[in-house]
Amino acid sequence: MSHPPSADPVRFAYWVPNVSGGLVTSTIEQRTDWGYDYNRELAVLAENNGFDYALSQVRYMASYGAEYQHESTSFSLALLLATQRLKVIAAVHPGLWHPGVLAKLGATADHLSNGRFAVNVVSGWFKDEFTALGEPWLEHDERYRRSEEFIRALRAVWTEDRAELAGDFYRIRDFSLKPKPIASPDRPHPEIFQGGNSTAARKMAGRVSDWYFSNGKDFDGVTEQIQDVRTAAESAGRIPPRFGLNGFLIARDTEAEARDTLREIVAKADTEAVHGFGSAVKQAGSSTADGKGMWQDSSFEDLVQYNDGFRTGLVGTPEQIAERIVAYKRLGVDLLLLGFLHYHEEVEYFGKKVLPLVRELEEHRPEDHRAPLSPDLSPKGSS
């Protein structure tokens with residue numbers, strides 16, 4: 001079944017740099033900082049430059065260039081209290097959190113922020129984080145089965161007077177949470193995001209999630225994923241989740257400047273860290289039967305931005321990037337999750353130079369949009 005593009009404007013989120021090392025594993029200068037003062041200023045700047053969401057990263061121990069890291073839920077609450085409109089998504093791992101405990105934290109954060117708390121359920125790729133804490137490392141599809149049960153438990157605790165769940169991973173008996181999170185007709189509980197590229201992730205998203213996050217993808221990759229998730233939702237009798245796409249944005253006044261920046265990022269990649277990360281994430285998804293796990297076809301250049309952000313091709317002039325964003329929207333992308341090299345400067349540049357062009361293009365009907373799609377500006381497509 002085909003779906004017309006959403007009439008709503010495309011939304012924007014940014015990766016919160018609450019983890020040291022920036023968003024690319026490269027020795028290139030990255031004017032960013034993992035500390036709170038920098039991130040508080042960034043959150044205010046982002047909400048004043050068109051961003052709807054911020055996603056706090058989750059790392060529990062040093063790895064692959066991320067030597068230091070702030071815990072995601074507490075950092076998210078701090079950013080919520082520093083802003084007025086920005087919704088902040090806290091990334092969490094089933095297996096390291098109990099859904100009832102997270103539900104309690106989320107309800108409190110939701111009240112303190114007047115309904116702006118959200119959660120991203122991460123099934124996990126970093127085996128050492130689990131084994132170092134004495135927790136079992138499950139096989140790939142079992143991790144997603146646990147995540148699905150986690151989301152069902154979370155939603156039950158948030159919406160039912162006395163939640164019950166008899167699952168394989170979680171058991172909830174006559175549990176009553178008060179106060180509940182802030183509810184409205186279009187938001188009965190805090191929004192639940194999830195990631196993953198595998199078949200198990202796509203089916204899970206269709207069955208239980210509000211939002212599905214994809215690693216960076218080109219147009220064909222996005223089209224395939226969206227169709228798979230929508231098919232899974234229709235089989236489950238649900239409205240399909242909304243679709244978020246990761247992208248690393250390099251907007252410059254000229255295309256040559258943008259391409260040169262991308263080339264420099266890759267040329268100065270921290271080779272040891274990129275190879276180490278690549279080995280870890282490909283092992284994490286290698287047990288998928290059909291080879292559709294996250295990062296399974298990622299090249300070295302892709303992994304320099306550790307969520308394949310270069311693949312989305314948001315590299316060029318503001319005009320080129322705006323055209324590409326709107327082309328993704330017409331394929332069914334509802335939200336772009338963006339990373340930057342120099343956060344403060346580039347978030348403001350995005351708000352002033354790129355976003356107005358996106359909103360202007362969105363007003364045109366697809367058949368009126370005659371400009372060609374932006375070329376492939378990923379590392380493999382640049383010369």
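This is a dialogue between a student and a tutor on how to read the features of one predicted model.

Student: Where should I begin, and how many helices and strands are there in the protein?

Tutor: A good habit is to begin with the overall inventory before turning to details. In this predicted model, the protein holds twelve helices and twelve strands, and of its 383 residues, 57% are buried. Among the contacts with a separation of 6 or more, 76% are accounted for by residues 24 or more positions apart.

Student: In which order do the eight strands close into a barrel?

Tutor: To read a barrel, follow each strand to its neighbour until you return to where you started. Here the order is 1-2-3-4-7-8-9-12, with parallel pairing, and from one strand to the next the twist averages 25 degrees. Take one step of that path: strand 7, which covers residues 192-194, pairs with strand 8 in the parallel sense over two bridges, and Gln194 is found opposite Tyr212 of strand 8.

Student: Which strands does helix 5 touch?

Tutor: For a helix on a sheet, look at what it touches and then at its direction. Helix 5, residues 140-159, packs on the sheet and touches strand 3, strand 4 and strand 7, while its direction makes about 160 degrees with that of strand 4. Helix 3, residues 99-112, lies across strand 3 (87-92) and strand 4 (117-121), and runs at about 150 degrees to strand 4.

Student: Helix 3 contains Gly100; is Gly100 buried or exposed?

Tutor: The relative accessible area is the value to consult, and for Gly100 it is 10%, so this residue counts as buried, the cut-off being under 20%. You can also compare sequence with space: Gly100 and Ser176 are 76 residues apart in sequence, yet their C-alpha atoms are 9.8 Å apart.

Student: In which sense do strand 5 and strand 6 pair?

Tutor: Reading a strand pair means asking for the sense of the pairing and then for the partners. Strand 5 (residues 163-166) and strand 6 (residues 171-175) pair in the antiparallel sense over three bridges, and they form a hairpin with four residues between them. Ala166 has Arg171 as its bridge partner in strand 6, and Ala163 has Phe175.

Student: Which residues of strand 5 make up its covered face, and which its uncovered one?

Tutor: Ala163 and Leu165 belong to the covered face, whereas Glu164 and Ala166 belong to the uncovered one.

Student: What volume of space lies in the largest pocket, and which residues are the closest to its centre?

Tutor: With a pocket, take the volume, then the lining, then the chemical character. The largest pocket holds about 730 Å³ of space, and 33 residues line it, of which Asp210, Ile239, Pro240, Pro241 and Arg242 are the closest to its centre. The elements giving two or more residues to this lining are strand 8 (211-214), helix 7 (219-235) and strand 9 (242-248), and helix 7 gives the most, with three residues. By character, the lining divides into 15 nonpolar, five polar and 13 charged residues.

Methods. Residues are numbered from 1 along each chain as its sequence is written. This is a predicted model: local features need pLDDT of at least 70, side-chain atom pairs count only at pLDDT 80 or more; totals for chains, interfaces and linings use all residues. Side-chain values use heavy atoms; hydrogens and water are left out. On a 1 Å grid over the protein atoms alone, a cavity is a set of points where a 1.4 Å probe fits but cannot get out, and a pocket is an open set with protein on both sides within 12 Å along at least five of seven lines; lining residues have an atom within 4 Å of a point. Grid points are joined across faces, edges and corners, and a volume is the space filled by probe spheres set on the points. Ala, Val, Leu, Ile, Met, Phe, Trp, Tyr, Cys and Pro count as nonpolar, Asp, Glu, Lys and Arg as charged, and the others, Gly among them, as polar. Two strands pair if DSSP finds at least two bridges between them. Axes are lines fitted to C-alpha atoms, for helices over the stretch in contact, and angles run from 0 to 180 degrees between N-to-C directions. Contact means heavy atoms within 4.5 Å. Buried means under 20% relative accessible area, exposed over 50%, partly exposed in between (1.4 Å probe, protein chains only).
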